[in-house]
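The following exercises are intended for a reader who is meeting this structure for the first time. Please attempt each task before reading its solution.

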Amino acid sequence: MERLDKFLVECGVGSRSQIKDILKTGAVTVNGMPERDGARKIDPNANEIAYAGQVLQGKRRVVAMLHKPAGYVTATEDKQQRTVMELLPPELLRQDVKPVGRLDKETEGLLLFTNDGDLLHRLISPKKEVPKVYYARHEGQATEEDVQAFAQGLTLRDGTVCLSAKLEPLGAGESRITVCEGKYHQVRRMMASRDMTVLYLKREQEGSLTLGTLPAGQVRELTVQEVAELEAQCR
Ligand code: URA
């Protein structure tokens, strides 16, 4: 059982304050009868809730991608710094989405959000091995020994052992790195363990998803097809 107003917010009917006004109009019905009391307890599986004659299906699953710009912390709230949540439109915030894993404040690129806790955990689990691909500009030049060390599983300067990862030198001071886990500052620390300081970092890909033409600071929901592909990669 849950409150009717909370259920209506989850369905994306409106914000909490908008729902108050909507309820007053009598446009919301429970089992066909207008209901004006937002505190009314309902069971979405047993009661038929409708708004303006449309039956509501309950909380829908949302998966979205953000092209994160530098300068935002990956957190749901922070007293001092701007958070990635500030880049989401109100309709996504109402769906109670959370960031999938984290990108550092200065890292740019693909950051997923979802309100499906199970999918979120599977996507960040190293056991599911969803590859994340990063482009890095760095001091120093990646060598064949660095490539081998990444492949074997690096030991970071503090002794942390990493899973096997892929390092592809792209040119002077540029590399592509593919990892299947998400330890704190992982790519920066992996590169530092090989004496390369990362100057710029962007996540280009997660599983089969790429940013495509999504501009920095913009967010879009994934298509049904994209969600199905993502699911298949972390089953
Ligand atoms: N690795 C890092 O060091 N930073 C990120 O933001 C993501 C991966």
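## Exercises with worked solutions

**Exercise 1. Determine whether Ala70 counts as buried, partly exposed or exposed, and describe its surroundings.**

The model is predicted. Step one concerns accessibility: Ala70 has a relative accessibility of 30% and therefore counts as partly exposed, since that class lies between the buried limit of under 20% and the exposed limit of over 50%.

Step two places the residue. Ala70 belongs to the loop that runs between strand E7 (63–68) and helix H3 (90–94).

Step three lists its partners. When neighbours within four places in sequence are left aside, Ala70 is in contact with Lys105, Glu106, Thr107 and Glu108. A further comparison involves Gly109: 39 residues separate it from Ala70 in sequence, while the C-alpha to C-alpha distance is 8.6 Å.

**Exercise 2. State how the protein chain is divided into domains, and describe the largest nonpolar core.**

Begin with the division. The chain comprises domain 1 (2–55), domain 2 (63–126 + 212–233) and domain 3 (131–206). Between the C-alpha centres of domain 1 and domain 2 there are 28 Å.

Turn next to the core. The largest nonpolar core contains 32 residues, and those with the most contacts inside it are Val84, Phe113, Phe150, Leu167, Ile177, Met190 and Met191. Two or more residues of this core come from each of several elements, among them E7, strand E9 (108–114), strand E10 (132–138) and helix H5 (144–152). Domain 2 and domain 3 each supply at least three residues to this core. Another core lies apart from it, with 16 residues, including Met65, Leu110, Leu211 and Val227.

Finally, examine one member. Beyond its neighbours within four places in sequence, Ile177 is in contact with Lys132, Val133, Tyr134, Ala136, Phe150, Lys166, Leu167, Val187 and Met191.

**Exercise 3. Explain why the buried residues of H4 line one face of the helix.**

First, identify the residues: in helix H4 (residues 117–124), Leu119, Leu120, Arg122 and Leu123 are buried. Secondly, look down the axis of H4: the buried residues fall within an arc of 170°, and so they line one face. A general rule assists here: an α-helix has 3.6 residues a turn, so residues three or four places apart point the same way.

Thirdly, find what this face meets. The buried residues of H4 pack against E7, strand E8 (98–99), E9, E10 and helix H7 (224–233). At the start of H4, the backbone nitrogen of Asp118 has a side-chain oxygen of Asp116 within 3.1 Å.

**Exercise 4. Identify which residues are around the ligand, and give polar atom distances.**

The residues around the ligand are Leu103, Asp104, Thr107, Tyr134, His185, Gln186, Val187, Arg188 and Leu201. Three of these residues are then considered in turn.

- Thr107 places a polar side-chain atom 2.9 Å from an oxygen atom of the ligand.
- Gln186 has a polar backbone atom 3.4 Å from an oxygen atom of the ligand.
- Arg188 has a backbone N or O atom 3.0 Å from an oxygen atom of the ligand.

**Exercise 5. Describe the phi angles and the exposure of His185 and Asp195.**

Recall first that most residues other than glycine have a negative phi. His185, although not a glycine, has a positive phi of about 50°; Asp195, also not a glycine, has a positive phi of about 65°.

Locate both residues next. His185 is in the loop between E12 and H6, and Asp195 is in the loop between H6 and E13.

Lastly, classify them. His185 counts as partly exposed because its relative accessibility is 28%, whereas Asp195, at 62%, counts as exposed.

Methods:
Residues are numbered from 1 along each chain as its sequence is written. This is a predicted model: local features need pLDDT of at least 70, side-chain atom pairs count only at pLDDT 80 or more; totals for chains, interfaces and linings use all residues. Side-chain values use heavy atoms; hydrogens and water are left out. Helices (H or I, at least four residues) and strands (E, at least two) are DSSP runs, numbered from the N terminus. Buried means under 20% relative accessible area, exposed over 50%, partly exposed in between (1.4 Å probe, protein chains only). Contact means heavy atoms within 4.5 Å. A nonpolar core is a set of buried Ala, Val, Leu, Ile, Met, Phe, Trp, Tyr and Cys residues joined through side-chain atoms within 4.5 Å. Domain bounds come from an automatic or database domain assignment. The arc is that of the directions from the helix axis to the C-beta atoms. A polar contact is a pair of N or O atoms within 3.5 Å; within protein, one must be able to donate a hydrogen and the other to accept it, and residues adjacent in sequence count only if both atoms are side-chain atoms. A residue is near a molecule or strand if one of its heavy atoms lies within 4 Å of it.
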